[in-house]
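The following paragraphs offer a guided reading of a protein structure for a reader who is new to the subject. Please keep the sequence and the three-dimensional view at hand while reading.

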Amino acid sequence: MDVIEASNLVKRFGELEAVKGVSFSVKEGEIFGFLGPNGAGKTTTINMLCTLLKPTDGQAKVNGYDVIKERSQVRQSIGLVFQEPSLDDYLTAEQNLRFHGYAYGIPKNVLEPRLKELLEMMELWDRRKGKINTYSGGMKRRLEIARGLLHHPRVLFLDEPTLGLDPQTRRRIWDYIHDLRKRENLAIFMTTHYMDEAENCDRIAIIDYGRTVALDTLEKLKDGVGGDVISVKTEDNEEAMRLLEGQYKLKPGIENGIISFTVPHGEEFLPKFVSGFPLRLLSIGLRRPTLEDVFLKLTGRNIREQEVDSMQQMKNMARMRGH
């Protein structure tokens with residue numbers, strides 16, 4: 001069953017078109033990743049699905065409810081963890097969750113056991129009476145996830161769920177997310193620009209400049225790169241590029257003095273290549289494609305390069321919103 005259906009969603013801010021007709025669906029119990037650089041349209045899309053922004057064009061349903069015509073029902077059936085912290089720092093963890101529960105009209109006899117269940121799940125029960133301004137970044141993020149689950153949503157939206165956290169804390173947050181999916185059987189829709197984080201998803205949509213450029217499982221996206229990735233450094237990289245293109249009929253690229261190209265069955269290709277290549281090899285490596293390789297193939301750019309370009313788009317969007 002599809003719990004999210006988006007069809008040709010568009011959002012414009014004045015003359016700036018931030019989202020340009022994206023379409024996708026998300027199944028019950030699925031972890032669905034929306035991967036792209038900052039400014040690509042990820043947060044704008046999530047805000048439309050959560051009824052925080054009205055689409056300029058297109059349609060979307062969440063848990064069967066229209067995001068424009070049935071906003072209240074959509075909000076009752078979703079949980080949302082914002083990119084920016086949204087807890088009240090001068091309240092305790094318990095108080096933050098109770099306030100949220102009252103806002104959703106959860107009866108006290110339902111709220112109290114649910115509150116305890118979630119705080120224990122997030123390993124925060126012993127700190128439930130501590131004020132939020134004494135919490136670490138990871139503890140705050142876990143509490144925000146607990147708050148988003150308090151009213152038994154069908155879909156949990158996570159906007160950059162581990163942004164700014166250290167690698168160890170990011171891994172722990174993902175342990176909780178996987179556990180939640182099993183316990184609650186809810187769909188999780190998450191945005192991220194972390195490549196390694198996206199690998200936790202069942203399916204991934206890659207968004208670039210407001211458009212979805214690919215949508216598939218992780219393995220199928222990687223298979224689309226064209227095989228395994230070979231990286232070499234030679235005594236003459238310029239000549240090596242010419243040989244790879246002419247003699248080997250490959251399409252190499254070069255970055256930071258390292259030549260890379262893709263071939264099917266790299267482990268079989270490598271021994272023949274090493275023994276037959278006419279130039280001296282200074283280093284050589286073989287690996288499976290990453291999502292970074294997928295993004296590069298689909299857009300022609302590295303996602304880190306795209307981060308820089310996207311900052312200007314975000315500034316433009318901020319100016320448009322101010323008018």
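Helix α4, residues 108–121, and helix α6, residues 167–184, provide the starting point: their axes come within 11 Å and cross at roughly 140 degrees. The structure is a predicted model, and the description should be read with that in mind. Angles over 145 degrees would count as roughly antiparallel and those from 65 to 115 as roughly perpendicular; the crossing of α4 and α6 is therefore described as oblique. On the α4 side, the residues that take part are Arg114, Glu117 and Met121, and they meet Tyr176, Asp179, Leu180, Arg183 and Glu184 of α6. Sorted by class, this contact comprises 3 nonpolar and 5 charged residues, with no polar ones.

Helix α4 also has a contact with helix α3, which spans residues 93–103. The axes of α3 and α4 come within 11 Å and cross at roughly 135 degrees, an angle that makes α3 oblique to α4. The crossing of these two helices is right-handed. Here Glu94, Leu97, Arg98, Gly101 and Tyr102 of α3 meet Leu111, Glu112, Leu115 and Leu119 of α4. The residues of this contact comprise 5 nonpolar, 1 polar and 3 charged.

The reader may now return to α6 and consider its contact with another helix. How are α5 and α6 oriented towards each other? Helix α5 covers residues 137–149, and its axis lies 10 Å from that of α6, at an angle of about 15 degrees. Angles under 35 degrees count as roughly parallel, so α5 is roughly parallel to α6. This crossing, too, is right-handed. From α5, the residues Gly138, Arg141, Arg142, Ile145 and Leu149 meet Thr169, Arg172, Ile173, Tyr176 and Leu180 in α6. The contact holds 5 nonpolar, 2 polar and 3 charged residues. Tyr176 and Leu180 of α6 are among the residues that meet α5, and they also appear in the contact with α4.

Attention may next pass from helices to aromatic rings, of which the structure holds 12 pairs. In one of them, the ring centres of Phe32 and Phe189 are 5.5 Å apart; their planes stand at 25 degrees, so the pair is stacked. Phe32 lies in strand β3, residues 31–35, and Phe189 in strand β8, residues 187–192. The pair thus links distant parts of the chain, as the two residues are 157 residues apart.

Finally, the chain may be viewed as a whole. It is divided into domain 1, residues 2–221, and domain 2, residues 227–288. Taken over C-alpha atoms, the centres of domain 1 and domain 2 are separated by 42 Å.

How values were computed
Residues numbered from 1 in each chain as written. Predicted model: local features only at pLDDT ≥ 70, side-chain atom pairs only at ≥ 80, totals over all residues. Heavy atoms only, no water. Axes fitted to C-alpha atoms, helices over the stretch in contact; angles between N-to-C directions. Helix = DSSP H or I, 4+ residues; strand = E, 2+ residues; numbered from the N terminus. Contact = heavy atoms within 4.5 Å. Nonpolar A, V, L, I, M, F, W, Y, C, P; charged D, E, K, R; others polar. Left-handed = near helix turned anticlockwise from the far one by under 90°. Domains from an automatic or database assignment. Phe/Tyr/Trp six-rings, centres within 6.5 Å; stacked < 30°, edge-to-face > 60°.
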